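Student: Can we walk through this one together? I'd like to start with the ligand and then look at a sheet.

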Amino acid sequence: MANFKEEIEKRRTFAVIAHPDGGKTTLTEKLLLFGGAIQVAGAVKSNKIKKSTTSDFMEIEKQRGISVATSVMGFNYRDCNINILDTPGHKDFAEDTYRTLTAVDSVIVVMDVAKGVEEQTKKLVEVCRMRDTPVIVFINKMDREGKDGFDLLDEIEDKLKLTTCPLSWPIGMGQTFKGVYNLYQKQLNLFSPNTKYGNILGFNDINSSELEKHIGDDAAEILREEVETIEGVYPSFDKEKYLTGKLSPVFFGSAVNNFGVKELLDCFIEIAPSPVNFKTEERVIDPYEDKFSGFVFKIHANMDPRHRDRIAFLRVCSGTFQRNTNYLHVRKDKKIKFSNPTTFMASKKEVVENAYPGDIVGLYDSGNFKIGDTLTEGEILHFKGIPSFSPEQFKYIENADPMKSKQLAKGIRQLMDEGVAQLFTKNTNNRKIIGTVGQLQFEVLQYRLKHEYGASCRYEPINLHKACWITSQNETKLSEFIRKKANYMAKDKEGRDVYLAESRWMLESAQTDYPELEFHFTSEF
Ligand code: G4P
């Protein structure tokens, strides 16, 4: 039985992120195959909503069902306990992904060799950079024609602002793809589609004439030149820099062919961080502290209609979480214990007795939790870094069934706690406005209000550019602003002041006219 310290050291909790279609699902599946967590390919269903313009509610439901099961996938590989936290692929659920990123210790970014850095990847990596999360890049689909390796590295540095350090290097691509040279372990890995690992050969000396025998004269010459360039131009791998988010190792491979995945995983468990410190408003939490603490980063409605309760996903940050033990729910100032906390090994749920830092525990919840809630053994702590982002799409929400106004209010409250969308109440007339990142969130909200709460809502258009939180040291100026902009002022669900800017121009002139005010674009300030 490993002791507490060893339990922490063997944990690796991370997320795979990608622009839709980059290969996140495929890579995740291959990682699970290595861990023996699944036996056959195809077991992990893609959790993305198909990109049809009109969204299909059944797809949304299916997505939700699947993503509960695959929200966290735990497996063991060599001596490590690995937790992969799944993130929704669809951009309209980007906020879910941002929140999930607050609960991981590192990230693997998957990128399509032909597409390079895409929009969604850019946004997600920005969130990683905010927290200095260590990032490994996997360039996928090397079996297809794509961009030149060096151009891709430039693009990553330029668009993602990551300093790269290639740890493997491709030999050709597409039709002529021969494999990769593993710079980290000095191995030649020859490509053959769909074998367990490809064909791995130890290869300490790239100048040996053996190289020609394996990959041919031309490819050998190019590889030697390119490796020389890499050694001359790119920094050599430095674990400390990687761990502080200052250096990103890059691997090349083909997830669908299971090629380059083992190198990635082997290197990952060696270099990726075990559970790291977490910041709270009060102090920094070290995972090795005796006392348990953790926070809720995701809430999911239960898909089983016989059990209407929800599952709150708790990241254990320090100490040992134990079943049937009283913990302090800090926001509610009350003690709660959990008789059926679950872990998610191999995407099956199992009741857990003890969970350690890095673990994700599923807690059955009948409405006690909100995203960001903290549990401790008694200390008052508030974990940081779980912001709501300033929404960009807005609609008035109205009750469409006067007999069900209570259900509507309850549904809206609970779904906002779950983070489905954000709610603002206008100062002048108390009308309720829903703010989202994407159109699908409106549809999910309406659908779930109907199916889970029996309430009907309809939306009415409102023309707004952005919502931002405002604060100021100067009370007089703040009140003046709130008075003058009365028609565009609202409260968020915590009662904080929010300015609903009708256009970019109005926002900019408000910022110029009121230099005493601070305009915040995330809810954490
Ligand atoms: P995502 O979760 O990031 O959205 O991507 P996903 O893994 O679903 O992969 C997107 C598509 O790219 C899939 O094809 C998948 O088979 C393909 N793919 C993944 N890795 C590779 C690779 O290394 N090489 C090549 N050539 N293709 C790859 P699809 O046609 O959209 O779906 P499917 O019907 O094949 O599942």
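**Around the ligand**

Student: How many residues of each class, nonpolar, polar and charged, are in the shell around the ligand?

Tutor: Keep in mind that this is a predicted model. Sorting the shell around the ligand by class gives seven polar and six charged residues, plus nonpolar ones, which number three.

Student: Which helix gives the largest share of that shell?

Tutor: Among the residues that come nearest to the ligand are K24, T25 and T26. The helix that covers residues 24-34 supplies three residues of the shell, the largest share, and that's helix α2.

Student: How far is a polar side-chain atom of T26 from an oxygen atom of the ligand?

Tutor: Let's look at the backbone first. A polar backbone atom of K24 sits 2.8 Å from a ligand oxygen, and for a polar backbone atom of A255 the distance to a ligand oxygen is 3.1 Å. With T26 it's a polar side-chain atom, and its distance to a ligand oxygen is 2.5 Å.

Student: What percentage of the ligand's accessible area does the protein cover?

Tutor: On its own, the ligand has 700 Å² of accessible area. The part of this that the protein covers is 66%.

**The sheet**

Student: Which strands stand at the edges of the open sheet of eight strands?

Tutor: The order is β27-β24-β26-β25-β29-β30-β28-β31, with antiparallel pairing. An edge strand here has a single partner, so one side of it is left without a neighbour in the sheet. That describes β27 and β31.

Student: Which residue in β26 stands opposite Q393?

Tutor: Strands β24 (residues 393-399) and β26 (residues 432-436) run antiparallel and are joined by four bridges. Opposite Q393 in β26 stands T436.

Definitions and conventions
Residues numbered from 1 in each chain as written. Predicted model: local features only at pLDDT ≥ 70, side-chain atom pairs only at ≥ 80, totals over all residues. Heavy atoms only, no water. Pairing = 2+ DSSP bridges. Helix = DSSP H or I, 4+ residues; strand = E, 2+ residues; numbered from the N terminus. Near = heavy atom within 4 Å. Polar contact = N/O pair within 3.5 Å; in protein donor to acceptor, adjacent residues only side chain to side chain. Areas by Shrake-Rupley, 256 points an atom, 1.4 Å probe, with all protein chains shown as cover. Nonpolar A, V, L, I, M, F, W, Y, C, P; charged D, E, K, R; others polar.
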